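Got the viewer open? Let's take a short walk, one selection at a time.

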Amino acid sequence: MVTIEGRATPLTFSVVVNTTDRAGPLQTLLHALEHQSYPHFEVIVVVGPTRDDTLKVLSLYEGRVQVLHCPAANLSRSRNIGLLAARGDIVAYIDDDAVPCQRWLEQLAYLFEDPYLAGTGGVVYMIYPQESRVQHRIGIMSSLFEHKDVRTSWLEHLTPPGMGCQWTARMMGTNMAFRRQALLEVGGFDEFFFYIGEETDLALRMVRAGHVIHPVLEAPVYHVPASSRHRRMFSYYGKWWLQTRSGVYFAIKNGLSAGDAVGNIVLRCLHLVHGHWMDYGQLWREHKITLAQLWIMRLGELYALTIGTLAGLFAKRRLLPRSTGESAVGTETSASILRFQNEQSTLQGAVDPVSGKPPLLRELPAPPLRLCLLSSKYPPTHYDGVGRLTHLMAKGLFELGHTVHVITCGEAEQVTFYDGAYVHHIPQQTGRYSMYRRFPNLFHILNYSHTVYEKVRRLVANDGVQIVDSPIWQCEGLVTTISGIVPTVVRLVTTSRQVADLHGERSEDLRLLAEMERTLIERASYVLSNTRATLEFVQSVYQIEIPAGQYAVVPYGIVPVADEAIRPFDPERQAGPLKVLYVGRLEKRKGILDLFRAIPVVLQAIPEVQFIIAGQDNSTHDGFLRRTGMDYPTYFAHRYGSYASRVEFKGMVSDEALQSLYQSCDLFVAPSLYESFGLIYLEAMNYAKPVIGCHAGGIPEVVEHGVTGLLVDPGAPKALAEAILTLLRAPARLREMGLAGRQRLLEKFTYLQMAHQFEQAYRAVIARQ
Amino acid sequence: MRTISADEVIQNIEFELLQSAVSHDDLGAGIQSVRQYQNRVREKLLDLSRDTKNGREIIIHLCQINEMLITVIQELNTALHALQIEVRKMARLAQVKALYGSAGQAAQAGLQPEEPTHARAIPVSDIERAMREEALHLELDLRPAAVPLIGGLVKKLKFALHDLVLFYTRQLAQKQTAVNRTYGEGMMYLIETCEQQRMEIDLLRARLAAVESYLEIRSGNTRSG
């Protein structure tokens, strides 16, 4: 990192934003720039022929932003206008629909400490909700407009495929920075390029002029492509011929300068047109564009080929006059920049980069935090209890104004933004710790934890992450904790040791896993437990004593539904059977067998009761299938066949269906043998439903026995049946307990209360560091 | 089967963390890639069964090799920088340990690396080979002209023209070899520096161990005294 204080005169930046008709995304960008860690920069917004509220948005920043106008919808001209007005040592360009990482300018400043570097650019993550991917990372491009945008390192594809004889670093306008002097020396951007190709053309010209261009793997920008006058999102119809126009011109101008054979240049230009013709045909065959649009686009290609060729062969480059550059360079000192940030900047909450939605708390009493939560499974795709909880934490912390990053496991590297958090998907790797291959759990956990560490390292360097929060489950934060690069908080949930004990499993692999869990707790900066019972249990199982001041108990919370959505039991109700709901995986630990044994007792006493069982069958993993040869629903039908008609197995259900089940039930039952907390009880209480659980783990700290529900001993089916019958026979208590549960939830267990307590713990850890 | 301890796993994690500072495999693959390309180009340009290549194509290939060498040097430089950081870290570790006399307190300062460095040799012989002039030497390749009567004349004309092309190409090749040699020497220097740094790390570790044992003995003497 650059030491800002270490320089007598810090490098100054001019951040140039070129915008037309994108008031919303522009506001989000300006908001994000308030949080930049590097303060020595000005912001120049060059507005094209706009028709929306762009100027209104900019009026909010009057006196802090230089607003200029570009009469034409020409990105290159707009960039040049910004360049000429820039007074910083470095001119950094960012798209109006992008959001930079917190240390974007700090990282760039560090790179420009090298006096030979004339231009650079960082990674671009496209977080467009429908198609998230790495859009650009140390890409390369040839003199014939061939490009490879994403490479893992500079050593990948040392011999690039393609016809062009000069390959150089490809810049992407979304995230690039140049020395102002070097930029002016080469005449800025060629204004023939309306958009696309202008940044790479510039890079090629700079390289030819002897400058060093070196994009890097750091300083990322999160790009949320918005509609423009050239392309509309959610539509395949657009002015794609502009690409061909730029491409043909690019190939001719640069191909000839680089010494490409004329035949290759001609071939490449024809490839560009032919490729688009084929693409349009495919779009038409897939009914994504109409026949009329197909031919408009195809004729556009021919037009683009003609214009591009004529301009490439006969027209002069439209660059800034050399005299402009000479007169501008050195005439202004970098001290004259108009500082963008003010004293209020640090106290503003983070903004949703996709929708622009601000958090509930917009202005904070203290600077917002930058947090990283770990959860290998995370909504909205596949997730478990830990994933759901992490999501609620992220949502709550975002609403309190903090920037939240979540690292989760995914098939390919990508970043999405989901419900308040940047979600970084990282693929599982298996290239390390091969000496532990014979312990599959340990092997995968160490490898995943190491991959997480590598991502955390990047987030610390680029996004200024101050603290990492890891669940103990799967030891995701183990390597990060050992590395000591950032303080790590461990969240105690059910441990693999507890699960193994409950399922009666013993192996060397599980022993080592338990050892890793203990190491994680011992080495963590702080421990957060969801209940006091969990904390005590973990301490006794691992024979460790967490010193006072090193831990806190933070109960979980959920999002309360609106009062109109709750359905307390109606004692006057006449029609329909009483419904008893079970939600959870079908496995031994969740007490499903105890419920099976209790059901016949209940139905013998009250035959019209309907049992609904929702959750995934886990008989394979807990060994039940191996022992009995049956999964749980089959076992019930086989063993208690005469009651099968009163029991409905729903299997895995969607979140919407689950909420509907909670809403429509009369009593909720989950006789888990152990729960570190038990979010399911809260979810039932959310809809004013009485609950029945066990005196086990943290459940008694959630369910108040005799007030919001009843608690029985774990593994006692008779007592469970008694409890169910007690409540079903007392309709008034059903209602009373349900409403008491709802009240308890609102007082103690909302996601915002939980987030607030997490925030306090994080702040304490950061202050101590 | 031998029982694995948690400490052993943690030591392996720490070693992996230290390893990530320098990506040897990546560099090795890069050098390999340059060598493959060089060999392929040499074979293609000097293939006697095909028409002689023109100077432009040769220059393009040479420039490409230059680009590749620059990239490798650049990555070597990055690796060297990472290694220097590690050396500084090790020096700090030694200082902290000498000051506190306790490995635990030093570990709290975030300085744990204790594993030996596993120096992997970078194949320098390939770089040396690529630096030699004959790597780019071109021979005249002419086929007899199949034109009746004026075949001899055409052959003489072709010979003169090809000779002219080769004359300039060889000049370029000589210059290119000089450039290659400069790059190669740069790489060799970087590799040597890498080796020195590695040795320095090992030396520091040895000194650290000596300081540790000295402190332990001294604290033992103090207690017994």
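Start by colouring the two chains separately, and keep in mind that this is a predicted model. Select the contact zone: 31 residues of chain B are in contact with 34 residues of chain A. Between them, the two chains bury about 2700 Å², with 63% of that on carbon and sulfur atoms.

Next, pick out Ile4(B), Ile13(B) and Leu17(B). In chain B, these residues lose the most area to chain A, together 21% of what that side buries.

Now turn to the charged and polar links. Across the interface, the rule finds two salt bridges. To see a salt bridge up close, show the side chains of Arg523(A) and Glu14(B), which meet at 3.8 Å, N to O. Five residue pairs across the interface are in polar contact, both partners at pLDDT 80 or more.

Switch to a cartoon of chain B. Helices H1 (6-19), H2 (24-45) and H3 (55-100) each supply at least two residues of the side that touches chain A, and the largest share, 10 residues, comes from H3(B). By type, the residues on that side of chain B divide into 13 nonpolar, 10 polar and eight charged.

For the last stop, move into chain A and centre on His402(A), in the loop between helix H11 (385-399) and strand S16 (403-409). Is His402(A) buried or exposed? His402(A) is buried, because its relative accessible area is 0%, under the 20% cut-off. Beyond its neighbours within four places in sequence, His402(A) is in contact with residues including Pro368(A), Leu397(A) and Arg763(A). Finally, show Glu759(A): its side chain makes a polar contact with the side chain of His402(A) at 3.3 Å.

Technical notes: Residues numbered from 1 in each chain as written. Chains lettered and ligands numbered in written order. Predicted model: local features only at pLDDT ≥ 70, side-chain atom pairs only at ≥ 80, totals over all residues. Heavy atoms only, no water. Contact = heavy atoms within 4.5 Å. Buried area = accessible area lost by both parts, 1.4 Å probe. Salt bridge = Lys/Arg side-chain N within 4 Å of Asp/Glu carboxyl O. Polar contact = N/O pair within 3.5 Å; in protein donor to acceptor, adjacent residues only side chain to side chain. Helix = DSSP H or I, 4+ residues; strand = E, 2+ residues; numbered from the N terminus. Nonpolar A, V, L, I, M, F, W, Y, C, P; charged D, E, K, R; others polar. Buried < 20%, exposed > 50% of the residue type's maximum accessible area, 1.4 Å probe, protein only.
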